[in-house]
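Reader: Got the model open. Can we go through a metal site and then a sheet?

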Amino acid sequence: MAGAGVSLALALMTAPAQAAGVTDEDILNDQQTTDDVVSYGLGPQGQRYSPLDKINRDTIGQLTPIWAFSFGGEKQRGQESQPLIKDGVMYVTGSYSRLYAIDTKTGEELWEYEARLPDGIMPCCDVVNRGAALYGDKVYFATLDAKLVALDAKTGKTVWRKTMGDYKAGYSATAAPMIVNGKIITGVSGGEFGVVGKVEARDTETGELVWSRPVIEGHMGTLNGEESTMTGTLNASWEGDMWKWGGGATWNGGTYDPETNLIYYGTGNPAPWNSHLRPGDNLYSSSTLALDPDTGEIKWHLQTTPHDGWDFDGVNEFVAFDMEKDGEVIKAGAKADRNGFFFVADRETGKPLSVTPFVTKITWAEGWDLETNKPIVIPEGRPGNPAEADGTKGKSVYSCPSFLGGKNWMPMGYSPKSKLFYVPANEWCMDIWNEPVTYKKGAAYLGAGFTIKPLYEDYIGALRAIDPTTGEIKWEYKNPAPVWGGVLSTAGDLVFFGTPEGFIKAFDAESGEELWKFQTGSGVVSSPVTWEEDGEQYMAVVSGWGGAVPLWGGEVAKSVKYLNQGGMVWVFKLPKDAGRT
Ligand SMILES: [Ca+2]
Ligand SMILES: [Ca+2]
């Protein structure tokens, strides 16, 4: 495969020598190497596709659980983690900043690490963690007090621990870190507290900061301990001092494409939510950024919601893929944005190629003008200015999608076999209004009120198969509760996907027909993985209902109050004689 060849060459040029364990080459080739899962996204591009096909349309009916592991303790809440698999060991994170190493054959615990979290942490949207990173002989993950921890992968002993942000100012961290060319890349959460989002690279051995790139214009970056360049141009798209607490939290992690050698990282809402307090486009909030992995310089940006007034964080993953269209192969990337639009862009330049809705109702914009590269905004869709009303509350608007998004953090998948994206989507709207607010360290910085409401009576969630060459929805599966988990597709023509009602399900990748389901005992709001060991294909998924919906979901939260919490990882495989007739 040409892609694998390029990846390997890059790895050999740039990788520092590794004594043992996971190498840059392992990470770059993760999708092709089916005996391990060493990156979030099953490859740095984040396609979440596996070439394994022993579990397929014909054998799926025989898929059987072989073990389940409880995260234990009194702590449950949302379990959004994607497991990693290396040399017969699963590394999986749990809520409240816990990490477990488990024997993949037996389900026995090898070691557990539980972060000692201080009182007063401020995670906005549940105490989740989305996964770890592996490199060399270490395993890394970010904790709710905005620390990055490196552990010995064999023993779970702490090697180093670094501070990414001040938790007392509202910084926290929940995303899986990413390894790029021997450095560990991270972002931060806290956009509801007026933190300043940033992307950072650290030395994997020592944890020392290599570069830091704040994503709000006016802030200075650093490189090797010295100031590098300013992000954007001071006050070009922000007025006065508002950029100082400008938000743009980089809370959902990133992807990396070795062909362009670019890191793609999303940025969250500008702060505060009340957009009348910060006139301008507010760069680089609610955007996808392409960053140079060596320096952290911004190579291009695509601001998907300029002057965001709806909490349309632009953090959703930008997934690199090669798009065949009109006899050409285009180096493309795609992102299903919280604002309801599915963006396909040139991944070398960030220029959008098509922008199409992937939800049924969008009230803030009619579409996207590819000439000006701006949304066609509907002015009445923006919640009103309190200063134009009684000064305490602006005009409320009914807005779709809700701020929890046409799609939230939960990763979509791309199958190079079916050439379709599989996008977890939700149909919900909100009443939203603005209020006055001033910045105060460690306090919520919204200047807005809201109530989320379902759009339809029979379903909120949907899994949608999208053809990126047309934006057409080829099939959809509708789910009563809002969907909140990630996708895995395979060469077995299957799409695995979990539901808050507790099922892990498998769908036919071409037709969307539901072929298999298993009840895990609690809601699935995590991303499944698959791998091969001793010639047998395994699938694993974490179960445990929670996340932002029960905390922020208004009327929708009430409708799913019956769902039970949990904290388990389930592992499945086929019986030894499966598929033989
Ligand atoms: Ca692999
Ligand atoms: Ca936000």
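Reader: What spacing do the donors of the calcium ion (ligand 2) follow along the chain?
Author: The pattern is E-x76-N-x41-D-x1-D. Keep in mind that this is a predicted model.

Reader: Which atoms coordinate the calcium ion?
Author: Glu192 through OE, Asn269 through OD1, Asp311 through OD, and Asp313 through OD, with Asp313 OD listed twice. The distances run from 2.3 to 2.8 Å.

Reader: Where do Glu192 and Asp313 lie?
Author: Both are in loops: Glu192 between β12 (183–186) and β13 (198–203), Asp313 between β20 (298–303) and β21 (319–325). The pair therefore ties together parts that are 121 residues apart in sequence.

Reader: Is Glu192 buried or exposed?
Author: Glu192 has 10% relative accessibility, so it counts as buried; the cut-off for buried is under 20%.

Reader: And Asp313, buried or exposed?
Author: Asp313 is at 2% relative accessibility and therefore also counts as buried.

Reader: On to the sheet. In what order do the strands of the open sheet with β28 run?
Author: The order is β28-β29-β32-β33, 4 strands with antiparallel pairing.

Reader: Which are the edge strands?
Author: β28 (413–415) and β33 (472–479), each of which pairs on one side only. From one strand to the next, the twist averages 20°.

Reader: How many bridges are there between β32 and β33?
Author: There are 7, in the antiparallel sense, with β32 covering residues 461–467.

Reader: Which residue in β33 is the bridge partner of Ile466?
Author: Ile473 is the partner of Ile466.

Technical notes:
Residues are numbered from 1 along each chain as its sequence is written. Chains are lettered from A and ligands numbered from 1 in the order in which they are written. This is a predicted model: local features need pLDDT of at least 70, side-chain atom pairs count only at pLDDT 80 or more; totals for chains, interfaces and linings use all residues. Side-chain values use heavy atoms; hydrogens and water are left out. Donors are N, O and S atoms within 2.8 Å of the metal (3.2 Å for Na, K and Ca); water is not among the atoms, so sites may look incomplete. Helices (H or I, at least four residues) and strands (E, at least two) are DSSP runs, numbered from the N terminus. Buried means under 20% relative accessible area, exposed over 50%, partly exposed in between (1.4 Å probe, protein chains only). Two strands pair if DSSP finds at least two bridges between them. Axes are lines fitted to C-alpha atoms, for helices over the stretch in contact, and angles run from 0 to 180 degrees between N-to-C directions.
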